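Student: Could you take me through one part of this model closely, and then set that part in its surroundings? I would like one connected account rather than a list.

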Amino acid sequence: MSHVSDNLAHINELIETACRRAGRSPAEVRLMAVSKRQPADRIREAVSEGLRLFGENRVQETDAHLDLFPEDTELHLIGHLQRNKARDAARLYSAVDSIDAGRTARALDDRLRERHRQLPVLLEVNTSGEESKHGVRTYDQLKQLTEEVLTLTSLTIHGLMTIGPISTDEQELRRAFASLREFLERLKTVFPELTLRELSMGMSNDYQYAILEGATTVRVGTALFGTRET
């Protein structure tokens with residue numbers, strides 16, 4: 001088996017273990033391969049293993065990777081979207097998982113309407129409070145952002161996304177992930193017209209804890225591909 005194949009088998013085992021611990025089915029959790037700064041041969045290995053859900057952090061890098069992905073790939077932008085990159089985002093991605101401001105959403109909506117496209121999005125929440133991370137921080141801010149996005153015609157909110165705190169403490173990580181789940185449940189009661197199913201949370205070092213708190217998508221890069229290129 002290839003390097004990526006070995007890693008993928010191990011990740012799937014850990015996902016199954018976490019799901020058993022949480023009383024969930026592994027079918028409820030999708031694995032997103034994060035191809036940020038990964039060489040082409042490793043991405044090809046992931047594709048050859050049947051992976052078709054990929055997350056990219058930067059528009060420029062996605063353009064460079066685009067030929068590596070089969071037509072049936074579901075390609076998500078998971079990094080911060082700058083407004084001046086909205087045109088490229090509207091062209092490249094199957095979904096944008098990092099909407100953190102109304103002005104960003106409006107810029108993307110404008111570019112999508114030019115292309116007559118609809119796009120699913122996730123709203124990003126900063127559950128750690130760390131300055132280095134993007135996203136709204138409070139439920140009131142999240143509710144306001146939801147209301148702003150609902151005025152747009154080309155975006156459909158499917159759920160929420162967060163990046164866990166820089167920590168190895170299980171309880172601290174689980175608190176952050178639990179808060180995202182609680183935010184989603186509150187949104188469901190206020191916006192019953194929305195189908196809010198997605199909780200994208202958990203990365204290479206903490207995805208097992210995210211699964212325990214209800215993650216529906218885990219974003220795994222280095223644990224799958226190995227150390228990134230600098």
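**Helix 1 and its surroundings**

Tutor: Ala18 is found in helix 1, and the account starts from that residue, with the reminder that the model is a predicted one. Ala18 counts as buried because its relative accessibility is 5%, and buried here means under 20%. Leaving out residues up to four places away in sequence, Ala18 touches Gln208, Ile211 and Leu212. Glu49, by comparison, stands 31 residues from Ala18 in sequence, and the C-alpha atoms of Ala18 and Glu49 are 22 Å apart in space.

Helix 1 also takes part in a pocket. The second largest pocket holds about 180 Å³ of space, and its lining is made up of Leu8, Asn12, Ile15, Glu16, Pro26, Val29, Arg30, Leu31, Leu51 and Leu53. Two elements, helix 1 (3–22) and strand 1 (30–34), each give two or more residues to that lining, and helix 1 gives the most, with four residues. By class, the lining of the second largest pocket divides into seven nonpolar residues, one polar and two charged.

From helix 1 the view passes to helix 2, residues 40–48, whose buried residues are Ile43, Ala46 and Val47. These three lie on the same side of helix 2, because they cover an arc of only 100° around the axis. On the other side of helix 2, Arg44 and Ser48 are exposed. The cover over the buried residues of helix 2 includes helix 1, strand 2 (53–56), helix 3 and helix 9 (222–225). Just after helix 2 comes Gly50, which takes a positive phi of about 95°.

Two of the residues that line the second largest pocket, Arg30 and Leu53, appear again among the contacts of Glu74. Glu74 is found in strand 3, residues 74–77, and is partly exposed, with a relative accessible area of 28%. With neighbours within four places in sequence left aside, Glu74 is in contact with Arg30, Arg52, Leu53, Phe54 and Ser94. Glu170, on the other hand, is 96 residues from Glu74 in sequence, and 31 Å separate the two in space, C-alpha to C-alpha.

Phe54, one of the contacts of Glu74, leads on to the interior. In soluble globular proteins, nonpolar side chains tend to be buried together. In this model the largest nonpolar core has 61 residues, and among these Phe54 and Leu108 touch the most other members. For Leu108, once neighbours within four places in sequence are set aside, the contacts are Leu81, Ala86, Ala89, Ala90, Val96, Ile99, Leu119, Val121 and Leu155.

Helix 3, already named as part of the cover over helix 2, brings in the largest pocket, which has a volume of about 680 Å³. Helix 3 (59–65) and strand 8 (217–220) each supply at least two residues of its lining. There are 32 lining residues in the largest pocket, and Lys36, Asn57, Ile78, Gly79 and Ile163 lie nearest its centre. That lining divides into ten nonpolar residues, 14 polar and eight charged, whereas the lining of the second largest pocket has seven nonpolar, one polar and two charged.

How values were computed: Residues are numbered from 1 along each chain as its sequence is written. This is a predicted model: local features need pLDDT of at least 70, side-chain atom pairs count only at pLDDT 80 or more; totals for chains, interfaces and linings use all residues. Side-chain values use heavy atoms; hydrogens and water are left out. On a 1 Å grid over the protein atoms alone, a cavity is a set of points where a 1.4 Å probe fits but cannot get out, and a pocket is an open set with protein on both sides within 12 Å along at least five of seven lines; lining residues have an atom within 4 Å of a point. Grid points are joined across faces, edges and corners, and a volume is the space filled by probe spheres set on the points. Ala, Val, Leu, Ile, Met, Phe, Trp, Tyr, Cys and Pro count as nonpolar, Asp, Glu, Lys and Arg as charged, and the others, Gly among them, as polar. A nonpolar core is a set of buried Ala, Val, Leu, Ile, Met, Phe, Trp, Tyr and Cys residues joined through side-chain atoms within 4.5 Å. Buried means under 20% relative accessible area, exposed over 50%, partly exposed in between (1.4 Å probe, protein chains only). Contact means heavy atoms within 4.5 Å. The arc is that of the directions from the helix axis to the C-beta atoms.
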